[in-house]
Amino acid sequence: GYSAATFAAFYERLFENGVSTDASGNPTLKVTMDGSAVKVAPGAAYTKGFWLKSDSIITLTPTKPGTGSMIYRVIARVDVSGTGSADTITLKQGTASAPPDLVTTGSTYELSLARVTITSAGDIAVVDERANQTVCGVLRPKNLAGMTEMLESMQAQFDALYASMTSQEGVRKIYIQETAPTDAVEGSIWI
């Protein structure tokens, strides 16, 4: 059989890291304010071929600083060793002037869902970072430009074949029209 590491290596070649999207195409794991806390909506994060899935709302409460403000990140931490032991969605504390760095080496990989700033008065500001490909991104195929070129080439070949089939006399043709064709030869297709 194949190991988790083998499957992860396969999927890492196919997809960019990021959060999943819902049926409407919106990124999941959205972070919103809720009084003195933040809530993370259900969803999934993907990185290095591994998934972190959350089926329920997660509530996280940042600690107010004594003075000034503190910058946190809401992160999706994925254990890429294959054990899943470090998979979590949590707050990671930075400083008053900068958000915390993300771990992207070893067996842990972090994606930033949002930057959260809390003041000593308890005021919270949330900045969505899911679309920022530097710190998170949305799950998408790799090498999309190459795929687009391939699909365009296949469409051009089909269009040329279709044009040649419908322009020749006395050969089977494909007709796409509402009325029965009048010049069809046996074996032609009418759609």
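The following dialogue examines a predicted model, taking its sheet, its nonpolar core, two loop residues and its largest pocket in turn.

Student: In what order do the strands of the open sheet lie?

Tutor: Three elements are concerned, and their pairing is antiparallel. Strand 3 (31-34) and strand 7 (58-60) are the edge strands, each pairing on one side only. Neighbouring strands of this sheet are turned by 30° against each other on average, with direction ignored. The order is 3-4-7.

Student: Which residue in strand 7 is the bridge partner of Lys 39?

Tutor: Strand 4 covers residues 37-40 and pairs with strand 7 in the antiparallel sense over 3 bridges. The bridge partner of Lys 39 in strand 7 is Thr 59.

Student: Which strand gives the most residues to the largest nonpolar core?

Tutor: This core has 26 residues, and among those with the most contacts inside it are Val 38, Val 40, Val 74, Ile 89 and Leu 113. At least two residues each are supplied by strand 4, strand 6 (50-54), strand 8 (69-79), strand 9 (88-93) and strand 10. The greatest contribution, 6 residues, is that of strand 10.

Student: Is Leu 29 buried or exposed?

Tutor: Leu 29 lies in the loop between strand 2 (18-19) and strand 3, and its phi is near 60°, a positive value in a residue other than glycine. Leu 29 is also one of the residues with the most contacts inside the largest nonpolar core. The cut-off for burial is under 20% relative accessible area. Because its relative accessibility is 0%, Leu 29 counts as buried.

Student: Why does Lys 48 count as partly exposed?

Tutor: Lys 48 is placed in the loop between strand 5 (43-47) and strand 6. Its phi is near 55°, a positive value in a residue other than glycine. The partly exposed class lies between the cut-offs of 20% and 50%. Lys 48 therefore counts as partly exposed, its relative accessibility being 29%.

Student: How many charged residues are in the lining of the largest pocket?

Tutor: The lining comprises 16 residues, of which Asn 17, Tyr 109, Leu 111, Gln 133 and Cys 136 lie nearest the pocket centre. By class, the lining has 6 nonpolar and 4 polar residues, and its charged residues number 6.

Student: Which strand supplies the largest share of the lining of the largest pocket?

Tutor: The space in this pocket is about 170 Å³. Strand 1 (15-16) and strand 10 (108-119) each supply at least two residues of the lining. The largest share, 3 residues, comes from strand 10.

Methods:
Residues numbered from 1 in each chain as written. Predicted model: local features only at pLDDT ≥ 70, side-chain atom pairs only at ≥ 80, totals over all residues. Heavy atoms only, no water. 1 Å grid on protein atoms, 1.4 Å probe; cavity = no way out; pocket = protein on both sides within 12 Å on 5 of 7 lines; lining within 4 Å. Points joined across faces, edges and corners; volume = space filled by probe spheres on them. Helix = DSSP H or I, 4+ residues; strand = E, 2+ residues; numbered from the N terminus. Nonpolar A, V, L, I, M, F, W, Y, C, P; charged D, E, K, R; others polar. Pairing = 2+ DSSP bridges. Axes fitted to C-alpha atoms, helices over the stretch in contact; angles between N-to-C directions. Core = buried A, V, L, I, M, F, W, Y, C linked by side-chain atoms within 4.5 Å. Buried < 20%, exposed > 50% of the residue type's maximum accessible area, 1.4 Å probe, protein only.
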